[in-house]
Amino acid sequence: MNDSSSMSAVDAVLTKRDVRHYQNKPVSDEHRERLIQAARMAGSAKNAEVNRLMLIDDAEVAERLAGAGDFSAWIGSAPLIIGFVTPFEFDRPFDVGRMAQNTMIVAHSLGLATCPVTLHHEDITRAILGIPEDHHMLMVVTVGYPVADAPPSPLKRVRVGSDELVHENAWR
Ligand SMILES: Cc1cc2nc3c(=O)[nH]c(=O)nc-3n(C[C@H](O)[C@H](O)[C@H](O)COP(=O)(O)O)c2cc1C
């Protein structure tokens, strides 16, 4: 990507926080394409590339989807939701995680805010979106332009320190 308005990968990783409040404004087609490309370029185990994206920009669908998770009541206000659809046969959460993180880091570098959200009730999700029986969509990322005066997340805290995070050569 050669976009002078985007930040470095290091800065994007270090400054990205999860945001749940968005302007009431659609995500531009250009930004939408960038996010699709970011997810598309994630590698996959054995290069299987079996995961698919579900883009939701219909407010009515988003509002219904809010009932598919235990902590997702707020997602109907997101102008765009990107869901990660996986076939059971090749269920590889690491691959989905890579796609999602690519998407969120690129979004942040372009000035968009995002938050990963779990949809615990896969049958509800499947019924709303018509996802086939042999696939599921457990994770989505909400996307939108951030509001200036968003309240801080109640869960927000500094990350665990490196000394606690890292074990070297053996578990201590
Ligand atoms: C796998 C995963 C699932 C998450 N599910 C939800 C969710 O269902 N609802 C929600 O509001 N936030 C969800 N989050 C967001 C976390 O609460 C957030 O990543 C964490 O609090 C860090 O936020 P911060 O960047 O503001 O510190 C999820 C995050 C991850 C990584």
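## A107 and its surroundings

Let's start with A107, which sits in helix α4, the stretch covering residues 93–109. Keep in mind that this is a predicted model. Is A107 buried or exposed? A107 has 24 other C-beta atoms within 10 Å, and a residue counts as buried at 20 or more, so A107 is buried.

Who are its partners? If you skip the neighbours within four places in sequence, A107 is in contact with L35, L112, T114 and V143. Here's a nice example of folding bringing distant parts of a chain together: A107 and R32 are 75 residues apart in sequence, yet their C-alpha atoms are 9.0 Å apart in space.

## The helix around it

Now zoom out to α4 itself. This helix has 17 residues and reaches 24 Å from its first C-alpha to its last, close to the 24 Å expected at 1.5 Å a residue. Just after α4 comes G111, with a positive phi of about 90°.

A107 has buried company in α4, including D95, V96, M99 and H108. And what do the buried residues of α4 pack against? They meet two helices, α1 (9–15) and α2 (29–40), plus three strands: β2 (80–87), β3 (113–118) and β4 (135–144).

## The strands next door

Take a look at β4, which is mostly covered, with eight of its 10 residues buried. On one hand, β4 runs antiparallel to β2, and seven bridges join them. Within that pairing, L80 stands opposite V143 in β4, and V143 is also one of the contacts of A107.

On the other hand, β4 pairs with β3, again in the antiparallel sense, over six bridges. Here P116 has V141 in β4 as its bridge partner.

## Around the ligand

How many residues surround the ligand? There are 13, and the closest are R17, D18, F71, T118 and L155. This shell is a mix: five residues are nonpolar, four are polar and four are charged.

## The whole chain

Stepping right back, the chain has six helices and four strands, and along the sequence they follow the pattern α-α-β-α-β-α-β-α-β-α. The C-alpha trace spans about 45 × 40 × 35 Å along its principal axes. With 172 residues, a compact globule would have a radius of gyration near 16 Å, and the 17 Å of this chain agrees with that.

Of those 172 residues, 27% count as buried. Among contacts with a separation of 6 or more, 78% join residues 24 or more positions apart.

Terms used
Residues are numbered from 1 along each chain as its sequence is written. This is a predicted model: local features need pLDDT of at least 70, side-chain atom pairs count only at pLDDT 80 or more; totals for chains, interfaces and linings use all residues. A residue is buried if 20 or more other C-beta atoms lie within 10 Å of its own, exposed if 12 or fewer, and partly exposed in between; C-beta atoms are placed from the backbone. Two residues are in contact if their C-beta atoms, placed from the backbone, lie within 7 Å. The expected span of a helix is 1.5 Å times one less than its number of residues. A residue is near a molecule or strand if its C-beta atom, placed from the backbone, lies within 6 Å of it. Ala, Val, Leu, Ile, Met, Phe, Trp, Tyr, Cys and Pro count as nonpolar, Asp, Glu, Lys and Arg as charged, and the others, Gly among them, as polar. Two strands pair if DSSP finds at least two bridges between them. The radius of gyration is taken over C-alpha atoms; the globule rule is 2.2 Å times the number of residues to the power 0.38.
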